Amino acid sequence: MGGIPHCLGYWGYGVRNQLNQQLNRAVAKFVAGYNVALELPDQPHHQALIWSVVEVLNSGKLKSVDGFSLSAGGFAHVADAWVRIQSDNSQQSLILGREAFGRVPLYWLQQGEVIWFASQLQLLLPILTNPEINLAGLYGYTCFSYVPNPITPVNHIYTIPAGNELIWQSLQNTPHTSHLLPPPQSRTIHQWQQDKIEIQDEQTAIQELQTHLKNAVQTQISDLSDEPVGIFLSGGLDSAIVASLLVQAGVKVRAYTLDFSPFGVSESPYAEKVADFLHIPCQKVAATPNLIKQAIIPTVKALDLPFGDGVTVPLYLLNQTASQETQIIFNGEGGDQLFAGWTNKPLIAASVYGENDFTQNYLRTFHRLWGYETQIFTPEISTQIHQLSPETWLQTALDPAYCSGLLHRLRRASLMLKGAQNIHPRATNLGFAHGLRVRSLFCDFTLANWTFKLAGELCLKGSCEKYILKRAVENWLPPEIVWRQKRGMGVPLTSWCFNGLWYQIGTWLNPNTLKVGKHLQPDIAAKIATGKLSANIQGRRIGEILWLLIMWELWKIHIFGEKPAPKSWNHPFWLPHFLSGKLSKWEKLSSSRFPTPNP
């Protein structure tokens, strides 16, 4: 946790001593190795209604507070998640809320007439007597590589959706013996929607965008004095823009970039080119299979929720390195969501040339294992999952009522789904784990709302994505950085899996572990690795799917608390990869020549 405080609390009708004991047990489990003070100040309460909110520090200290707010960037005047307890003459209200970019998570559960809430899922798990895996959360995770809001991977624990508040109200003068807490009221506090005014003139858009970008960086450095800040340079446009703006503003900047060589194509040369152009130091951070093995479990613990994208452990290594030199880290996250990055192209093509069902097109374009339910889940789980509709998790984000234009609709969905439910919360949690305040220049409401005025052709002009952003910054950076085609961070997952991580997969996705877990087919890892799951899962997708399942299984052990099962040797991962491939071919040939006789 570094020096970042988290919150845990309760509100409702109950016995204070019992609730405080639960609270302290949860903190003691969360802050492993520390002696948690078991005495909490007794706060004033209104007759039978009681509540307590505490800040939890990595020292094990508890600080009782009247409310709680947390800012990803460490701003005193900005709250990304908040807990407020308000009273008037007749009622008291509990308000849990999150800003629309989704940078800081916030969770809640209800036990009887008590609402529990926390900024980390791990803090709420001990409150449940027998926590159970939420099958909807598991299914959503295998579809999107993150668990779709408002559900979580644990039954009875929910998350506050980004851009919303949940409000519980209770009469102060009603004795708790006859009172039941009413369901919460949901209030949307920000809606991404297309503006009625459309900017079509390119020069106007360029000038206004440059102003918004400069204003955004001034807002995010307003509290800095002379301390250096870090920037994660990916070699792409968005992080390069942030670095350039920071340098223009006179901030001392240190850059950090990932180096995947010799296992993959590293983009560190592009990052170094940006750093040389801006005259800032740039440190390469190696991401080798051996380092990944060492960091994967700490990453799982830092993430709190399961996130299946392969970039998470490399980002953990970046945060680890940066934390040795700075307390504030900037990133380029959010640029693709605001300016319709390259990931929108497949869905645009599907919408133009494919079926008219936008939701189905979205699922086909961005899914991970959607459509493979009977092949990856056990028959019993597959039957239960068959009753679920992943379309419901996309419904609000894809609602055309808020955006009539295709690109605006895509950007709204990207902000609400992959951005708020995946990219931003994982970036915040990885930074918090190292005591870093995480600042994202593109998470600026004035800038973001302005982008919904842009005519679609200014975002995507021909085959050039993020066109207007490139035009606005083309004099700030080298042309080969601005105008080169970007295809996302190429994490060499398949290369790692077939080389340095091969033996470890036999442990992480061991058939007996999966059999005892009763969710996934025991031989799923072998099928994926050998290309037998599907003809569509080949090449880089092999590593992506294996990684997705690895992160889920490690989350179950190290966060959820599932006990590891005894390992079996009934898998190909105990052999070197090249021998296991030959063994598979021999088994197939042997089976065809000498078929097993019928009993």
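**Reading backbone, core and sheet**

Reader: Let me start with one residue. Is H156 buried or exposed?

Author: H156 is exposed, with a relative accessible area of 53%. The cut-off for exposed is over 50%, so this residue passes. Keep in mind that the model is predicted.

Reader: What is the sign of phi at H156?

Author: Start with the general idea. Most residues other than glycine have a negative phi. H156 has a positive phi of about 80 degrees, and it is not a glycine. The residue sits in the loop between helix 3 and strand 9.

Reader: Which other histidine has a positive phi?

Author: H279 does, with phi near 60 degrees. Its place is the loop between helix 6 (268-278) and strand 14 (282-286). H279 is exposed, at a relative accessible area of 73%.

Reader: Now peptide bonds. Where is a cis bond found?

Author: Most peptide bonds are trans. Here a cis bond joins N149 and P150, with omega about 10 degrees. P150 belongs to the loop between helix 3 (135-144) and strand 9 (158-159).

Reader: Helix 3 keeps coming up. Is G140, in that helix, buried or exposed?

Author: G140 is buried, with a relative accessible area of 0%. Its contacts, leaving aside neighbours within four places in sequence, are S145, Y146, P148 and W393.

Reader: How do I read distance in sequence against distance in space? Take G140 and P390.

Author: Compare the two numbers. G140 and P390 are 250 residues apart in sequence. Their C-alpha atoms are 6.8 Å apart in space.

Reader: On to the interior. How many residues make up the largest nonpolar core?

Author: The general idea is that nonpolar side chains tend to be buried together in soluble globular proteins. The largest nonpolar core here has 168 residues. L8 and W116 have the most contacts inside it. Helix 24 (residues 540-560) gives the most to this core, with 13 residues. Apart from it lies another core of 25 residues, including I4, C7, L70 and L96.

Reader: Which residues does L8 touch?

Author: Leave out residues up to four places away in sequence. Among the residues that L8 touches are L23, V27, V54, W116, F117 and L124. S52 is also one of its contacts.

Reader: How do I judge whether a whole helix is covered?

Author: Count its buried residues. In helix 8 (residues 312-322), 10 of the 11 residues are buried, so the helix is mostly covered. Among the buried ones are P314, Y316, N319 and T321.

Reader: Now sheets. What is the strand order in the open sheet of five strands?

Author: The order is 14-13-12-15-16, and the pairing is parallel. Strand 14 and strand 16 (437-440) stand at the edges. Each has a single partner strand, so one side of each is left without a neighbour in the sheet. Neighbouring strands are turned by 30 degrees against each other on average, direction ignored.

Reader: How many bridges join strand 15 to strand 16?

Author: Four bridges join strand 15 (residues 328-331) to strand 16, and the two run parallel. For one pairing, look at N331: its bridge partner in strand 16 is S440.

Reader: Which helices lie across strands of this sheet?

Author: Take helix 6 and helix 15. Helix 6 lies across strand 13 (253-259) and strand 14, running at about 165 degrees to strand 14. Helix 15 (residues 406-432) lies across strand 15 and strand 16. The angle between helix 15 and strand 16 is about 150 degrees.

Key: Residues are numbered from 1 along each chain as its sequence is written. This is a predicted model: local features need pLDDT of at least 70, side-chain atom pairs count only at pLDDT 80 or more; totals for chains, interfaces and linings use all residues. Side-chain values use heavy atoms; hydrogens and water are left out. A nonpolar core is a set of buried Ala, Val, Leu, Ile, Met, Phe, Trp, Tyr and Cys residues joined through side-chain atoms within 4.5 Å. Buried means under 20% relative accessible area, exposed over 50%, partly exposed in between (1.4 Å probe, protein chains only). Contact means heavy atoms within 4.5 Å. Two strands pair if DSSP finds at least two bridges between them. Axes are lines fitted to C-alpha atoms, for helices over the stretch in contact, and angles run from 0 to 180 degrees between N-to-C directions.
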